[in-house]
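Trainee: I should be grateful for a close look at one part of this molecule, beginning at its surface and then moving to what lies inside. Please explain each step of the reasoning as you go.

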Amino acid sequence: MEIKVVTNNDKEFVMSIDRHVDDTGYANRVYTKSGYIIWEDSQPIGIIVHCILWEHIPFMNFIFIKEDYRSKGFAKQAIIRWENEMKNQGYKMTLISTQADEGAQHLYRKLGYIDCGGLVFHNTPFDQPMEIFFRKVL
């Protein structure tokens, strides 16, 4: 398994998974190198999207593994490789989040992430279960 920075050639795959990104947003991911494709046996099997908060903290705001490849350790491997990439770029800590009703929180804790807060958007246009945030010192 490997992760590679997104290129213009990956647009169709990424946009088939991430319905939140438009053409401009995708071009920004390519330009800022803030998106990665997760590959297994020369096949794209998932994506990671991150941003940099406050100019110095990478925040993984999206990870997706295709259904046929779930529960096989690919998300774990991809996150570890992403963390190593962020560390190699000089970052000291990463943040990740997930909704309170999603199972990803258990994986994040197993990888050494520590709960560090949450957001609640009840009675807003973004109503959803609480978003839990996790931090990890690299």
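**From a surface patch to the interior**

Mentor: L119 has a relative accessibility of 38%, which means that it counts as partly exposed, since that class lies between the buried limit of under 20% and the exposed limit of over 50%. Please keep in mind that this is a predicted model. L119 belongs to strand β6, which covers residues 114–119. Together with F121 and F126, L119 makes a nonpolar surface patch of about 290 Å². In soluble globular proteins, nonpolar side chains tend to be buried together. With that tendency in mind, let us turn to the interior.

The largest nonpolar core has 19 residues, and those that touch the most other members are I38, I48, I79, W82 and Y113. Strands β2, β3, β4 and β7 (131–137), as well as helix α3, each supply at least two residues of this core. The largest share, five residues, comes from α3. Another core, of 11 residues, lies apart from this one, and its members include F13, I37, I47 and V49.

Helix α3 therefore deserves the closest look, because it runs through residues 74–88 and its geometry can be tested. At 1.5 Å a residue, its 15 residues should span 21 Å, and the C-alpha atoms at its two ends are indeed 21 Å apart, so expectation and model agree. Which residues of α3 are buried? They are F74, A78, I79, W82, E83 and M86. Around the axis these residues cover an arc of only 165 degrees, which means that they lie on the same side of α3. I79 and W82, already named among the core residues that touch the most other members, are both in this buried set.

K87 is another residue of α3. Its relative accessibility is 48%, so K87 counts as partly exposed; the value does not pass the limit of over 50% that an exposed residue must meet. Although K87 and V137 are 50 residues apart in sequence, their C-alpha atoms are 9.6 Å apart in space. After α3 comes G90, whose phi is positive, near 100 degrees.

Positive phi values also occur elsewhere, and there the residue type matters. Most residues other than glycine have a negative phi. K33 is not a glycine, yet its phi is positive, near 55 degrees. It is located in the loop that joins α2 (23–32) to β2 (35–40). With 52% relative accessibility, K33 counts as exposed. E55, also not a glycine, has a positive phi of about 70 degrees. This residue sits in the loop between β3 (43–53) and β4 (57–65), and its relative accessibility of 72% means that E55 counts as exposed.

The loop of K33 leads us back to helix α2, which can be read in the manner of α3. Y26, R29 and V30 are the buried residues of α2. They cover an arc of only 95 degrees around the axis, so they lie on the same side of the helix. T24 and Y31, on the other side of α2, are exposed.

R29 also takes part in a salt bridge: its side chain meets that of D18, with an N to O distance of 2.6 Å. This pair links distant parts of the chain, for D18 is in the loop between α1 and α2 while R29 is in helix α2, 11 residues apart. D18 and R29 are both buried.

A further salt bridge joins D23 to K11, and here the closest N and O atoms are 2.8 Å apart. Because D23 lies in helix α2 and K11 in helix α1 (residues 11–17), the pair ties together parts that are 12 residues apart in sequence. D23, at 49% relative accessibility, counts as partly exposed, and so does K11, at 28%.

In total, the model has five salt bridges. One of them is formed by the side chains of E2 and K4, at 3.9 Å from N to O. E2 has a relative accessibility of 40% and so counts as partly exposed; K4, at 39%, counts as partly exposed.

Note on methods. Residues numbered from 1 in each chain as written. Predicted model: local features only at pLDDT ≥ 70, side-chain atom pairs only at ≥ 80, totals over all residues. Heavy atoms only, no water. Helix = DSSP H or I, 4+ residues; strand = E, 2+ residues; numbered from the N terminus. Expected span 1.5 Å × (residues − 1). Buried < 20%, exposed > 50% of the residue type's maximum accessible area, 1.4 Å probe, protein only. Arc of directions from axis to C-beta. Core = buried A, V, L, I, M, F, W, Y, C linked by side-chain atoms within 4.5 Å. Patch = residues over 30% accessible without salt bridge, like charges linked within 9 Å, V, L, I, M, F, W, Y side chains within 5 Å. Areas by Shrake-Rupley, 256 points an atom, 1.4 Å probe, with all protein chains shown as cover. Salt bridge = Lys/Arg side-chain N within 4 Å of Asp/Glu carboxyl O.
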